Amino acid sequence: MSTPRFLDLPPGVAPQKIETPQGTFAVLEALPVSGVIERWPALLVPGLTGSKEDFLAVLMTLAHSGRRVIAVDLRGQYETPGPDDPAAYTCPALGADVDALAQIIGGGDPVHLVGHSFGGLVAREAVIDGRTRFASFTLMGSGPSGIEGKRAVNGRKIMEEVQEFGLEHVWHHRLEPEALSNDVSDEILAFLRKRLLTNSPTALACMAEQVLSMHDRTDELRQVEVPTLVLYGEHDDGWPPEAQSDMAARLGAESVVVPGAVHSPAVEAPETTAAALVRFWNAAEKHYLDTKSNAM
């Protein structure tokens, strides 16, 4: 469970709603506190038990690079409502939501796309389906196929327990003990509980099934002409670091290992993570503009 270390909104960050043909999405919007927006925007997609707040520690820094940055709650996740239809929570269906959001956010410009953990699998669908032109794609702590190890075991238990006992049971028997063992503050504990219980139970169960069963689409992603970054913590316990390194090699993508981080680099090492993203985004924009200039 990705756990933000603070909840106060940094300067330039505000909650918003974005209307799309796919529905209304709750987001955190970050804008430069000073200066103007002169670079392409970015869309950040959270993981299974997470939310837009997982990116709080990096939003202000990312926006200060001269761009609008949007962190979103997926359909059925925290403050974005969703139906009881399981078909709404497949990776392709959620990827279509990402397409719709990116097209609204971009307003005609390409959008930098970042997917964390399960959000990486969802965002990958949007990149592969070809409906939207992305400026770049970053897989953050996200692997080529279903999640592995301890987090796979936890994901399977969450899926089963949500369906059989409900969200309160999952909180009290699984996520609350995890949070308490990490010595989080009362404020963060209350937020984590509210976040989980506000989720759609159908969404959480279906997303858990997706993160466990997703097949490898690395070869398909490689066929898409989009600058790609694979960024992960050196101690990642979701997808093994070596699996993510191998995926980056298969993609011909840049790989960044975040020292000291585990599965949530944006929380555990925000300065390193933000710096890596800004550098990558700026390089992707320069490459695009250089290529366009040479083609003229």
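Modeller: Let's fix a term before anything else: contact means heavy atoms within 4.5 Å. This is a predicted model, with local features needing pLDDT of at least 70 and side-chain atom pairs counting only at pLDDT 80 or more, while totals for chains, interfaces and linings use all residues. Numbering starts from 1 along each chain as its sequence is written, and side-chain values use heavy atoms, leaving out hydrogens and water.

Colleague: OK, put contact to work. What do the buried residues of α4 pack against?

Modeller: They pack against α5 and α7. The names come from DSSP runs numbered from the N terminus: helices are H or I over at least four residues, strands are E over at least two. Here α4 covers 149-164, and α5 covers 167-181.

Colleague: Which residues of α4 are buried?

Modeller: Ala152, Gly155, Ile158, Met159, Glu161 and Val162. Buried means under 20% relative accessible area, exposed over 50%, and partly exposed in between, with a 1.4 Å probe and protein chains only.

Colleague: How do you know that the span of α4 agrees with its 16 residues?

Modeller: The expected span is 1.5 Å times one less than the number of residues. For α4 that should give 22 Å, and the end C-alpha atoms are 23 Å apart, so the two agree. After α4 comes Gly166, with a positive phi near 100°.

Colleague: And how do you know that α7 has the span it should?

Modeller: Helix α7 runs over residues 201-213, 13 in number, and should span 18 Å; its end C-alpha atoms are 18 Å apart, so that agrees too. Its buried residues are Ala203, Leu204, Ala205, Cys206, Met207, Ala208, Gln210, Val211 and Leu212. Among the elements covering them are α2, α3, α4, α5 and α6 (186-198).

Colleague: Cys206 is on that list. Why does Cys206 count as buried?

Modeller: Its relative accessibility is 18%, so Cys206 falls under the cut-off and counts as buried. Cys91 is buried as well, at 0%.

Colleague: Why is the sulfur of Cys91 too far from Cys206 for a bond?

Modeller: A disulfide is a pair of cysteine sulfur atoms within 2.5 Å. The closest cysteine sulfur to that of Cys91 is in Cys206, 11 Å away, so there is no bond. Seen from the other end, Cys206 is in no disulfide either, and the structure holds zero of them.

Colleague: On to the helices. What makes α2 roughly perpendicular to α3?

Modeller: Helix α2 (residues 91-106) and helix α3 (residues 118-129) have axes that cross at roughly 70° and come within 8 Å. Axes are lines fitted to C-alpha atoms, for helices over the stretch in contact, and angles run from 0 to 180 degrees between N-to-C directions. Under 35 degrees is roughly parallel, over 145 roughly antiparallel, 65 to 115 roughly perpendicular, and the rest oblique. That puts α2 in the roughly perpendicular class relative to α3.

Colleague: Which residues in α2 and α3 meet?

Modeller: On the α2 side, Cys91, Pro92, Leu94, Gly95, Val98 and Asp99; on the α3 side, Phe118, Leu121, Val122, Glu125, Ala126 and Asp129. They divide into eight nonpolar, one polar and three charged. Ala, Val, Leu, Ile, Met, Phe, Trp, Tyr, Cys and Pro count as nonpolar, Asp, Glu, Lys and Arg as charged, and the others, Gly among them, as polar.

Colleague: Staying in α2, why is Ala100 called buried?

Modeller: Its relative accessible area is 9%, so Ala100 makes the cut. Not counting residues up to four places away in sequence, Ala100 touches Thr20 and Gln22.

Colleague: What is the sign of phi at Tyr78 and Ser117?

Modeller: Tyr78 has a positive phi of about 50°, and Ser117 one of about 55°; neither is a glycine. Most residues other than glycine have a negative phi. Tyr78 lies in the loop between β4 (69-72) and α2, and Ser117 in the loop between β5 (111-116) and α3. Both are buried: Tyr78 is at 7% and Ser117 at 8%.

Colleague: How do you know that His116 is buried?

Modeller: His116, in strand β5, has a relative accessible area of 5%, so the label fits. Beyond four places in sequence, what His116 touches includes Phe55, Met140 and His263.

Colleague: Last one: why is Thr3 buried?

Modeller: At 16%, Thr3 is also under the cut-off, so buried is the right word. Thr3 sits in the segment before β1 (13-20) and, neighbours within four places aside, is in contact with Val184, Ile188, Leu192 and Val267.
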